[in-house]
Amino acid sequence: MSRKNIKWLYEEIPGLISKGILTEEDGERLRSFYGEAEGGNGLKTVLTVFGILGAILIGAGIILILAKNWSEMPRGVRTVVSFIPLLSGQGLALYTYMKRSESIAWREGSASFLMISIGTAISLIGQTYNIPGDFDGFVLTWMLLALPLVYLFGAAIPGIFYMVGITAWAAAAQGNNGNALLFWVLLVLVVPFIYGKVREDIYSNSAVFLRWALAGVLCAAIGISLEKVLPGLWIVVYSGYFSTLYLTGLQKHDEAAWWQQPFKTVGALGILIFSFLLTYEWPWKNIGWNYYRHSEGFNEAAGYFDLIIAAAVILIALSMLYKILKRKDYFSAAYGSLAVVSTIGFVLAQYTDPVAVTIILNLYLFGLGIYTVVKGIGDMKLGTTNGGMLIIALLAVIRFFDYDIEYLVRGIAFILAGAGFLACNVVLLRKRGKKNEK
Amino acid sequence: MKNRKWMFVLLMSLFVIQLSVPAYMIGNREMTLRYGKQFKFKAEPIDPFDAFRGRYVEVNIRNEGIDVAEGEKYMTGDRVFVLLETDAQGFALMKSISKERPKGTDYFETRIYYGSFKEDGVMDKAYVRIPFSRYYMEESLAPKAEEEYNRSIREQNKEVYVTVRVRNGSTVLEGLFIEGVRVEEYLKKY
């Protein structure tokens, strides 16, 4: 049961007792069964956060002190010193495992500290023996040695470190004349952990932070690992990714705050920002099969993998859209359909003028803006209404200063849009008039 | 409780693996330093605009390209073994490259960084990534050493070289020398 529900239950208990449905004892039993409603009281959360921060800062401090390569220290001593942070990290972790395994603060803190100390040990040895900066090898070794800590301690912060670390690895490996396909395997290794935390309690801090990290890391990793042999495929992949993310985030409990729903928030923002980008002409120029890159230095296999990713995100987005439409949630479907719109655009761009595609995207975004305004009015949510207005206003400003389009065309388009709004107003007023008459 | 016992075993195994990786790194380098053959590599000036300076000197080993033997084909990024010899002046010479691990000679393992190509697209000269390009020093000493390193090569045309120990394909950069004097001593003297 989520904390929100527990809180609700606790508010109900006194009423139920006074009405004689539950006895005082039953109430107490319920309370002890479900535990704290607020996920621990404020002090407990503060202790956890401070504990983790403290461990991380001390770990970082040790790195800095040891990195100050004491030239006076003989090599043998330096070698032994390299192990001190690692051994103390392991000692701390062992203590946590034996005595403090119930405490989130101890588990997160000591696992984070141990993770940092692994990196410290490897880099200190690198300094002692003048091993050059083989950054990708270093990060990969570090992350693989640390990953089991995530599972053994059920620790989210090391999990987030891991995700950031493998993304840094992917960036280095891709830039280093290679490809970053291994990233996806490395990512899959941490997915069961995230899934477990979400299953446990989707609104717990661990689950929320892990999902924020996952959404962000995926966003970066897609850009890094695409081999870019098929120009313009990134449009399909990113649209598909943001749509999938948004639609996945929608699935459960809509009453949570925006920051508790990382997938929905990142997805919605991604859809809007990406749509704005796609209303320009440049992304649609010179793309598609006719511009396939065959030259050396592009990895053929990785190129196929790009296609697989594109197909996967689009298919997932489509199946999600189908579900949402069956639920008659047309508003969410409108946002989630960016994947469909830009895939159509990608195909069209191969046969027609890119300008035709930009018109479709402009209309899509404009429609999204209007739908958001209408939805906001319908739900009596001022924030949503204003958000929709902002979309329309931003689109208007961007197009007003878009010098690729002729003045006359811009002028006519603006007049038509303005007339449309006025017409809407007239319709709305008449409707209200009729209502009032009734 | 049985579950906990297994977890404990897993945790201990993890700790052992975590310790053995750095231990292996050390062991491998120590063996190379102790039993490896010493080579002297001539150094060249470095790019002064390197972003990551401070704690180490970026050493540029003279790298004039290795001739590729007739009939052998290489691509950029290929993993290769570089065979080493010593020239008449006592400096190391990167003699040739091979795809198979050489026997009986000293070598190191690396990747082809870039190459020059003949008209038919076959690589005739390979430039390899040098796996010993950093010399770590104390924070306050490294920038001074780098300055001295550059001045010695550029302005005074002094001989700068590094000594590298080579054993079974692994290398360890041992020391940085200006005019035959260890850079640490050199900075104290001048």
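Start by selecting Arg79(B), Arg101(B) and Glu109(B): salt bridges link these residues in a network. Keep in mind as you click around that this is a predicted model. Counted over all chains, there are six salt bridges, and the next few stops take in some of them.

Stay in chain B and pick Asp67(B) and Lys125(B). These two form a salt bridge, with their closest N and O atoms 3.0 Å apart. Asp67(B) sits in strand β4 (residues 66–67) and Lys125(B) in strand β8 (residues 123–128), so the pair ties together parts of chain B that are 58 residues apart in sequence. Switch on a surface view here: Asp67(B) is exposed, at 51% relative accessible area, while Lys125(B) is partly exposed at 26%.

Next, jump to helix α1 (residues 2–35) of chain B and find Glu30(B) and Arg34(B), which are four residues apart, or about one helical turn. They form a salt bridge too, with 3.4 Å between the closest N and O atoms. Which of the two is buried and which is exposed? Glu30(B) is buried, at 14% relative accessibility, and Arg34(B) is exposed, at 59%.

Now select Glu174(B) and Arg165(B). Their side chains meet in a salt bridge, 3.0 Å from N to O. Glu174(B) counts as partly exposed, with 21% relative accessibility; the cut-off for buried is under 20%.

Last stop: hop over to chain A and highlight helix α7, residues 156–175. From first C-alpha to last, its 20 residues reach 29 Å, close to the expected 28 Å. Try hiding and showing what surrounds α7(A): 14 of its 20 residues are buried, so the helix is largely enclosed by the rest of the structure.

Definitions and conventions: Residues numbered from 1 in each chain as written. Chains lettered and ligands numbered in written order. Predicted model: local features only at pLDDT ≥ 70, side-chain atom pairs only at ≥ 80, totals over all residues. Heavy atoms only, no water. Helix = DSSP H or I, 4+ residues; strand = E, 2+ residues; numbered from the N terminus. Expected span 1.5 Å × (residues − 1). Buried < 20%, exposed > 50% of the residue type's maximum accessible area, 1.4 Å probe, protein only. Salt bridge = Lys/Arg side-chain N within 4 Å of Asp/Glu carboxyl O.
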